[in-house]
Amino acid sequence: MKENRENKKVFAEKVAASMNANAEYKDRNYTPVEMEMIINTMLEQLVETIKEGKEQFFTGFGSFY
């Protein structure tokens with residue numbers, strides 16, 4: 001694995017830490033496992049949207065089609 005790459009698990013750990021540091025979400029105490037499940041669900045939905053022939057866009061991030 002290249003040094004400048006991260007897998008989904010590491011990404012989920014960072015997202016969970018970021019969410020837990022946010023005052024709005026601090027009482028929720030998200031786990032990396034929950035974040036990975038959320039990320040998986042988002043990616044699955046993105047794939048389904050594209051399979052339906054629709055374009056998905058996220059302002060400030062990019063478009064997928």
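**Figure 1. Contacts around F64 in the predicted model.** Leaving aside the neighbours within four places in sequence, F64 is in contact with L46, I50, K54, E55, Q56 and F58 in this predicted model. F64 itself belongs to strand 2, which covers residues 62–64. With a relative accessibility of 27%, F64 counts as partly exposed, because that class lies between the buried limit of 20% and the exposed limit of 50%. A second residue, E3, can be used to place F64 within the chain: the two are 61 residues apart along the chain, and their C-alpha atoms are separated by 27 Å.

**Figure 2. T49, a buried residue of helix 2.** T49 sits in helix 2, and its contacts, when neighbours within four places in sequence are left aside, are with K54 and Q56. Both K54 and Q56 also appear among the contacts of F64. The relative accessibility of T49 is 10%, and T49 therefore counts as buried, a class reserved for values under 20%.

**Figure 3. E44, an exposed residue of helix 2.** E44 is found in helix 2, the helix that runs over residues 32–51. Its relative accessibility is 52%, which means that E44 counts as exposed, since the limit for that class is over 50%. For a sense of position, E44 may be viewed together with K9: the pair is separated by 35 residues in sequence, while the distance from C-alpha to C-alpha is 16 Å.

**Figure 4. The crossing of helix 1 and helix 2.** Helix 1 spans residues 8–21, and its axis comes within 8 Å of the axis of helix 2, the two crossing at roughly 110°. Helix 1 is therefore roughly perpendicular to helix 2, because angles of 65 to 115 degrees are placed in that class. The crossing in which helix 1 passes helix 2 is right-handed. On the side of helix 1, the residues that meet helix 2 are K8, K9, F11, A12, E13, V15, A16 and M19, and on the side of helix 2 they are P32, M35, E36, I39 and N40. Sorted by character, the residues of this contact comprise 8 nonpolar, 1 polar and 4 charged.

**Figure 5. The salt bridge between E6 and K14.** Side chains of opposite charge can pair when their charged atoms come close. The structure holds 4 salt bridges, and one of them joins E6 to K14, with the closest N and O atoms 2.4 Å apart. E6 has a relative accessible area of 43% and is therefore partly exposed.

**Figure 6. The salt bridge between R28 and E34.** In this view the side chains of R28 and E34 meet in a salt bridge, for which the distance from N to O is 2.8 Å. R28 is partly exposed, because its relative accessible area of 43% falls between the limits of 20% and 50%.

**Figure 7. The salt bridge between K51 and E48 within helix 2.** K51 and E48 both lie in helix 2, where they are 3 residues apart, a spacing of about one turn of the helix. Their side chains meet in a salt bridge with an N to O distance of 3.9 Å, and the pair counts as a salt bridge because the cut-off is within 4 Å. The two partners fall into separate accessibility classes: K51, at 63% relative accessibility, counts as exposed, whereas E48, at 38%, counts as partly exposed.

Technical notes: Residues numbered from 1 in each chain as written. Predicted model: local features only at pLDDT ≥ 70, side-chain atom pairs only at ≥ 80, totals over all residues. Heavy atoms only, no water. Helix = DSSP H or I, 4+ residues; strand = E, 2+ residues; numbered from the N terminus. Buried < 20%, exposed > 50% of the residue type's maximum accessible area, 1.4 Å probe, protein only. Contact = heavy atoms within 4.5 Å. Axes fitted to C-alpha atoms, helices over the stretch in contact; angles between N-to-C directions. Parallel < 35°, antiparallel > 145°, perpendicular 65-115°, else oblique. Left-handed = near helix turned anticlockwise from the far one by under 90°. Nonpolar A, V, L, I, M, F, W, Y, C, P; charged D, E, K, R; others polar.
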